[in-house]
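Student: I would like to go through the labels in this structure one at a time. For each label, please give the value, then the cut-off, then the verdict.

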Amino acid sequence: MTEPGQDPLFVAHEALPGYAEAVSSWLADDTGTAAIPVWTGARGDLLDGIALARPVYAGRRAPEPAGTGVVVGTSLPEEVRRLAAPLARTWVTKVSDLPDTGSVLVLGSYADLRADAVQDVVDQTYAQGRDLFLLTGRDAHTVSWVVAKQYANAAPHGETGMISELDTLPAAPGTVWFGAEDVRHKDIQGIALDRVWRRVLFHGNGKDDQLNLGRFTLCGLSPVGERDPGLPGPKCAYGLGCTKPEEKLIPARRIKAAELVLANCFSGPLTDYAMYDPKYVILLDALDGPAQTVVATLTACDGARPENLAWLTESSTGRNAARAINDRMKDINPYPSFVQIGLQSGGVVEQPAPVADDTAGFPLHTVGARLSGLLDSGLLREDYPLRPRLRQLSDSMLRYASRIVALSPPDGPPALAATAEETKSLDLALAHRIAKHHDDAVLQFPTYFGERSTAEEPVDLDWLCSCGRPLRSYTRRGRLPVIADTVQGLCARCGDVVNSPVDGTELRVTAPEEVEAGTTLHVSITVAPHRTGTVNTGIVLPMYLNARALPALSRKEVRAGESARCDFAIEIAAEAAPQAYYFTPYAVHDLGVSTRRVHFTVSPPAPAGSGRSPGSPTA
């Protein structure tokens, strides 16, 4: 009941002439105090919806209109269309007349929302990243009610909530949260029906007529209308009772919410794609209730925690809620899954921004592939010392690769941060092993992977071998998924002097071509990683060379697209045999080992006073 002295927000009209007069008065009202007219006809259930809406809304609003509107079908009287006119800046007469830019509003009864009428605009707006709004209902009376609700503003005391049968992660900030554990043990029916919601999202498995919430069911059965015997219905349509306890049903029309999200498969299909008679479609039942905005699914969808958070945060800034969810889902469902009935709801409030992802860009796939190459290709023996840590990281990454974790702040970034930190630690451990064990099995990757790969056409590199001659490079693709793809660079004089994983750190080396025994060969190594991070660099010397490289290891923080210089000194023993040698600079980053081979000659010590000096450095 309306409180004494309180003007009603909505006023019901059973007869069309009275409704027509009220629409004219509403459109002419300059005070913003006139009651919003609703053409209910003999629909007593809509009177119940108006009564339930009283605590949901507080006053009127002028909603932001869509760019272009279009009416589909002929079932709506002119009076309903007139009330909807301010909800779009421009109206066209046919769907084919809609422009290629701007947001779109489609007005029509549910019977007229057939695929041949609106599927093209659904697909086009999705592909073009444009907002799409529908205004619909089971008949002209519900459409009148849905249009009227667009002019109402949500009461400030309403809550924002998410109720999910499927989400087991911790509660999201900025919301009243009931997760999978709560659904199993709490009175979800009372929670759903007894509270006033500005915005509420229900998440569970389901179909046209229901959304499952453990023992409870969000139900679409309407008390109005007769079932068409030519159309199928759920179990209850045949007098066989409900699939769930009837005392635990939650009628969608009785939820007191300004914005209601039905996050289950097929909650809002186009009319000719619906499985059941409209009497049972949960979207239609929800539109008969207080909600001015209902977000529902057109088809099957895999929406989960990332989509729930996209709705909670991104659409709170004024975005179309369905578009925010669809954009988040493109990595798993690259088609329009959700659709929004109603304009931006008056229940939207600013929500906390997601926790920043400090690991954005972490190459989960690349590092995972390199892990597989190290663990499962046969390159490393079962007793390789780092194998337990590598396996543990691989197992963790399989868990973190789940998009529910990876894309769900605040849980995703810490999970990926832990992965990135362990990868960084393993990079250092690998680099230390190579520094201490110049025959470490990891260094055999060029031959081992190369024998199990096929080479692509070579290309000329824009940089030279350390000897100054041209380099040609080719990619070698593994014949099996566990054989990592590698890159090899060839010099006609020095042979295969560049070996790295695809997208590995690039190494360029400057050093003299000749050094005297008993002196020092000064080496400059420039490292350029594919991704920002810590690059571990060292030099491997052949076992038959009596020498040592200092420092044993260099660590540099380098940004992607930039490079860093590492200086080394190879101290040649006086007893070193004069002959040709090579040394192998290496860099470890993101579990990828890049190597260069640089040829040089050790000459006998110069006689005292001869004035002879080694050759000049080359790049």
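Student: Why is Asp-590 called buried?

Tutor: Its relative accessibility is 5%. Buried means under 20% relative accessible area, exposed means over 50%, and partly exposed lies in between, with a 1.4 Å probe and protein chains only. So Asp-590 counts as buried. Keep in mind that this is a predicted model: local features need pLDDT of at least 70, side-chain atom pairs count only at pLDDT 80 or more, and totals for chains, interfaces and linings use all residues. Residues are numbered from 1 along each chain as its sequence is written, and side-chain values use heavy atoms, leaving out hydrogens and water.

Student: What is notable about the phi of Asp-590, and where does the residue sit?

Tutor: Phi is about 55 degrees, a positive value, although Asp-590 is not a glycine. The residue is in the loop between β31 (579-589) and β32 (592-596). Strands here are DSSP runs of E, at least two residues; helices are runs of H or I, at least four; both are numbered from the N terminus.

Student: Is Asp-503 buried or partly exposed?

Tutor: Asp-503 has a relative accessible area of 41%, so it is partly exposed. Its phi is also positive, near 65 degrees, in a residue other than glycine. Asp-503 lies in the loop between β23 (495-501) and β24 (506-512).

Student: What makes Trp-197 buried?

Tutor: A relative accessible area of 0% makes Trp-197 buried. The residue belongs to strand β11 (residues 196-203). Trp-197 is 142 residues from Pro-55 in sequence, yet their C-alpha atoms are 9.5 Å apart in space.

Student: How many residues of helix α9 are buried?

Tutor: Nine of nine, across residues 305-313. Among them are Arg-305, Glu-307 and Trp-311.

Student: Why is Cys-494 not in a disulfide?

Tutor: A disulfide is a pair of cysteine sulfur atoms within 2.5 Å. The closest cysteine sulfur to that of Cys-494 is in Cys-467, at 3.7 Å, so it is too far for a bond. Cys-494 is buried, at 7% relative accessibility.

Student: Why is Cys-236 not bonded to Cys-242?

Tutor: The sulfur of Cys-242 is the closest cysteine sulfur to that of Cys-236, but at 6.2 Å it is too far for a bond. Cys-236 is partly exposed, at 32% relative accessibility. The search of the whole structure finds zero disulfides.

Student: Why is α2 called roughly parallel to α5?

Tutor: The axes of α2 (residues 44-53) and α5 (residues 140-149) cross at roughly 15 degrees and come within 11 Å. Axes are lines fitted to C-alpha atoms, for helices over the stretch in contact, and angles run from 0 to 180 degrees between N-to-C directions. Under 35 degrees counts as roughly parallel, over 145 as roughly antiparallel, 65 to 115 as roughly perpendicular, and the rest as oblique. So α2 is roughly parallel to α5.

Student: Which residues make that contact?

Tutor: Contact means heavy atoms within 4.5 Å. Leu-46, Gly-49, Ile-50 and Ala-53 of α2 meet His-141, Thr-142 and Trp-145 of α5.

Student: Where is a cis peptide bond found?

Tutor: Between Leu-550 and Pro-551, with omega about -5 degrees. Pro-551 lies in the loop between β28 (547-550) and β29 (554-558).
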